[in-house]
Amino acid sequence: MQLLENLWYCAALKDEVSAKPMRRVICGMPMVFYQTEAGEPVALEDRCSHRHAPLSLGNVIDDEIHCLYHGYVFDRTGSCTHIPHQKGASANAAIRSFPIVERWGLLWVWWGDAAKSDRALIPDLSWTEAPDKRPIYIYFYVNANHQLVADNLLDVSHADYLHSSTFGSNSGQKGGAQPDSMTMETTTSDGKVNSYRKLENVTVGPLARKWGGFTKELDRVNTQMWEPPNIIHVQLELVNDENHICLNHDHIMTPETDKTTHYFMDATRDFGVENVGYPTDEDIYNEHYSVISGEDIPMIEAQQANIDLYDSLRDVPAKADRLVDDVHRLLRDLYANANLTLPPEVRRTGPV
Amino acid sequence: MQLLENLWYCAALKDEVSAKPMRRVICGMPMVFYQTEAGEPVALEDRCSHRHAPLSLGNVIDDEIHCLYHGYVFDRTGSCTHIPHQKGASANAAIRSFPIVERWGLLWVWWGDAAKSDRALIPDLSWTEAPDKRPIYIYFYVNANHQLVADNLLDVSHADYLHSSTFGSNSGQKGGAQPDSMTMETTTSDGKVNSYRKLENVTVGPLARKWGGFTKELDRVNTQMWEPPNIIHVQLELVNDENHICLNHDHIMTPETDKTTHYFMDATRDFGVENVGYPTDEDIYNEHYSVISGEDIPMIEAQQANIDLYDSLRDVPAKADRLVDDVHRLLRDLYANANLTLPPEVRRTGPV
Amino acid sequence: MQLLENLWYCAALKDEVSAKPMRRVICGMPMVFYQTEAGEPVALEDRCSHRHAPLSLGNVIDDEIHCLYHGYVFDRTGSCTHIPHQKGASANAAIRSFPIVERWGLLWVWWGDAAKSDRALIPDLSWTEAPDKRPIYIYFYVNANHQLVADNLLDVSHADYLHSSTFGSNSGQKGGAQPDSMTMETTTSDGKVNSYRKLENVTVGPLARKWGGFTKELDRVNTQMWEPPNIIHVQLELVNDENHICLNHDHIMTPETDKTTHYFMDATRDFGVENVGYPTDEDIYNEHYSVISGEDIPMIEAQQANIDLYDSLRDVPAKADRLVDDVHRLLRDLYANANLTLPPEVRRTGPV
């Protein structure tokens with residue numbers, strides 16, 4: 001698995017990590033995460049240098065992690081500070097540590113050259129901390145390649161079919177209602193891909209109606225931005241003369257392996273921010289959890305299973321796929337510049 | 001997996017397919033099956049050309065199937081008739097369709113060149129519709145190569161050991177009763193292999209005795225015919241001066257993958273055809289289901305698991321294996337003529 | 001999987017084998033075990049020569065095993081003595097038989113050239129039959145390579161961490177109590193590796209205290225011997241002015257596959273040998289079963305899973321690893337002399 005390097009990959013929700021060590025395989029590398037007594041996150045290779053036992057089975061004492069198997073101890077930099085019954089530990093007993101930063105309710109790990117890590121490069125999710133907004137966070141595990149998960153979000157048209165009974169607009173179906181107009185624009189600049197998609201006068205699903213107390217047709221505006229490694233910021237606006245609500249979704253895909261993905265998201269709303277009566281955080285969490293785990297993930301996993309039956313495949317894109325196309329085009333450039341082998345998920349949509 | 005082409009492969013029992021799409025992988029190809037409003041069966045590749053989502057997750061409307069992911073629509077020929085928010089769909093958005101015919105209570109798919117498909121080549125199971133006979137149908141899923149399932153039926157002698165307590169004859173066991181005589185003849189002609197095997201004056205198992213109300217020893221006559229791709233027609237006659245009953249079994253093996261098989265069968269009887277009192281259809285279904293899923297399939301799956309532990313193996317055939325030998329010889333010819341790589345299941349019994 | 005040959009591998013606890021056939025894959029070879037009417041053990045390849053069905057699904061009659069599939073019969077030497085409906089069986093219908101001996105409550109199979117099998121080479125476990133001692137036997141199945149299981153026992157220091165709350169000494173932990181002195185000696189001679197490790201004045205876990213009625217600190221002496229293929233004899237002595245008890249552990253690792261191991265052990269005590277009041281055999285069995293299945297095996301399996309994430313790894317040994325090092329050095333010689341490919345588990349600790 002070749003991955004884009006020198007980028008921050010999301011490794012965990014903030015609340016998943018505590019003084020008790022937690023194992024997660026990130027970018028194919030087993031990592032152990034824990035929090036120091038001062039509350040700072042630590043990310044180490046989850047493998048004792050001695051005999052490769054997972055350190056995550058051990059305990060953290062005085063901010064150091066003790067291997068449960070034979071008592072080796074490592075500090076937060078990965079240095080080995082104790083080997084039982086001997087004085088000192090050679091430098092080659094050290095294990096890898098990874099720059100890790102808590103930001104926006106998430107933990108970000110730098111994958112690449114640690115010397116190049118730069119907090120300024122952490123993706124901006126500042127709306128999650130805006131005074132008039134309110135976020136919830138969810139973690140999903142997906143049995144599919146991370147790009148298939150990303151493409152799901154990039155092809156926002158799926159909301160009208162897969163989510164037609166929840167928060168899609170039900171528009172564009174053959175023989176069904178068509179929007180008064182559909183606008184779709186995409187632009188790539190500064191290594192990011194932006195898109196704007198507006199459907200006018202559409203009927204949205206019951207969930208979306210409930211959020212804004214809508215009874216009539218409305219305009220549905222998706223403003224999205226993709227950035228590496230595979231992060232999608234979505235701003236969904238629903239507006240008519242009854243109400244105007246805005247929901248930010250950040251979807252952050254981190255590869256575990258070629259065929260499995262850690263999928264983190266927040267849903268940050270500008271309605272119901274008092275968190276009393278509908279919708280509370282719990283309502284928003286449950287709605288998103290049930291739609292994504294019940295509609296998106298089964299579809300993506302079925303798509304992966306189908307792809308695995310074939311030696312090779314080509315996509316047949318629609319005009320509505322401009323955003324997927326633009327992102328894949330950028331990924332092809334990024335992979336080529338980094339001298340990495342293009343993964344099949346991106347090759348499938350590229351030039352023959 | 002290389003398979004014999006330009007043949008009808010059984011894909012489903014008739015009653016398995018309805019207006020609601022059903023997925024099944026046939027010959028390594030994901031297929032979706034559904035019934036039109038007029039009651040005709042449709043078989044399409046179960047993969048949207050857009051991004052490879054299974055169409056079987058979608059819905060059939062006006063005889064067309066709608067992809068649940070992004071709303072592409074395909075008609076029963078595989079042509080793409082709708083891509084949301086755009087006019088027209090290019091011809092390269094089409095997916096494969098497969099000739100499919102309902103015959104003898106089963107659905108048959110043509111695997112190969114569609115232009116060569118010919119209903120006249122559907123195997124003859126006309127006894128299932130004979131006025132004085134009565135069929136039941138069963139579907140089994142087997143974790144073994146389809147040839148191992150077929151060989152089970154071709155080596156009919158297994159009935160005397162594996163099924164000695166149900167419908168075998170218990171004859172030929174070391175130290176046990178021997179039949180008064182055993183006749184075995186096989187002939188190959190016109191691409192089919194016929195066999196005749198008669199055991200005289202044997203004691204059959206309790207199930208077989210119950211079917212015919214037999215209390216005494218009887219003659220047990222198996223008349224079989226094998227035809228491609230891997231279909232075995234068995235006519236089992238049990239006869240003495242008390243009764244004469246006849247049971248037709250059609251065993252139809254369709255590969256899902258190299259190591260998994262769809263196994264369809266009918267059991268068509270000339271006794272109890274009034275379907276009141278013993279045996280009813282339900283009795284015959286339950287007896288066959290329990291013997292095959294409880295005795296045959298565990299043995300075949302254990303055989304496959306054993307074979308998988310070895311790099312290569314050779315069979316050591318008995319004289320009674322003439323039918324297996326004849327069928328494998330014919331298969332070697334069929335594979336050679338079609339320029340296909342011989343599967344290990346047939347190579348194992350052939351010339352070194 | 002290349003393995004050292006011409007050695008006795010433990011295949012089963014004595015009580016696991018009876019007149020009813022039992023299947024177990026030993027050294028990658030499916031074997032069926034049964035006991036003759038005279039009580040002697042038989043080991044055959046668990047594969048009918050006819051079509052490779054497991055013989056273990058069949059029955060033993062008159063000390064011969066009958067294949068359930070088509071009635072072939074094999075005697076205890078592997079000769080085929082019956083093929084139904086034909087006279088005689090050719091010699092090529094024979095299957096492999098393996099020299100097998102019951103000794104010390106265990107069944108030992110000779111893996112290699114049967115002509116070289118020699119009962120005198122069966123490992124010595126004579127303490128299990130000493131009049132003042134009392135053994136119990138346990139079988140474990142481990143999802144890890146056999147060498148990882150052996151290394152667990154060879155690096156006896158793990159007891160002080162992994163088993164600190166059961167029978168370890170809790171000594172040597174960073175910031176914890178240190179023994180008054182630690183002695184470690186190893187010697188290799190005659191193809192066996194011996195070690196002696198003594199910790200003075202340590203606090204042992206509650207289990208070990210309970211065995212000997214200890215209330216104070218004590219000396220903990222491990223005397224071990226490793227011999228091929230992968231057998232470790234441990235003598236654990238716990239002694240102070242209150243008591244002196246001795247526990248023999250024999251740990252016997254037999255590969256099933258590269259990544260799965262049959263792990264047999266006895267625990268033979270010189271205390272509570274009256275088997276009334278604490279500890280009874282059941283107490284000793286339960287304590288060992290719970291510690292090994294609850295502490296050792298999860299650690300070893302997690303270690304294997306971690307190793308599998310990497311292409312290659314090197315161990316970083318501690319000074320306390322002298323015994324592992326000596327055994328691996330001897331294994332490298334044994335593999336080289338036998339012209340076998342060194343398994344990665346031993347390569348990882350060897351010269352670069």
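Tutor: Before we start, buried means under 20% relative accessible area, exposed over 50% and partly exposed in between, with a 1.4 Å probe and protein chains only. This is a predicted model, where local features need pLDDT of at least 70, side-chain atom pairs count only at pLDDT 80 or more, and totals for chains, interfaces and linings use all residues. Side-chain values use heavy atoms, with hydrogens and water left out.

Student: Thanks! Which residues of α1(A) are buried?

Tutor: Among them are A:His146, A:Asp151 and A:Leu154. In fact 9 of the 9 residues of this helix (residues 146-154) are buried, so the rest of the structure largely encloses it. Helices here are DSSP runs (H or I, at least four residues), strands too (E, at least two), numbered from the N terminus.

Student: New topic: how many salt bridges are there over all chains?

Tutor: The whole structure holds 45, each being a side-chain nitrogen of Lys or Arg within 4 Å of a carboxyl oxygen of Asp or Glu.

Student: What does B:Arg51 form a salt bridge with?

Tutor: With A:Asp315, and the closest N and O atoms are 2.4 Å apart. B:Arg51 sits in the loop between β4 (41-45) and β5 (59-61) of chain B, A:Asp315 in the loop between α3 and α4 (322-337) of chain A, so the pair joins two chains.

Student: Is B:Arg51 buried or exposed?

Tutor: B:Arg51 is buried, at a relative accessible area of 4%. A:Asp315 counts as buried too, at 12% relative accessibility.

Student: And where do C:Asp326 and C:Arg329 lie?

Tutor: Both are in helix α4 (residues 322-337) of chain C, 3 residues apart, about one turn of the helix. Their side chains meet in a salt bridge of 2.9 Å, N to O.

How values were computed
Residues numbered from 1 in each chain as written. Chains lettered and ligands numbered in written order.
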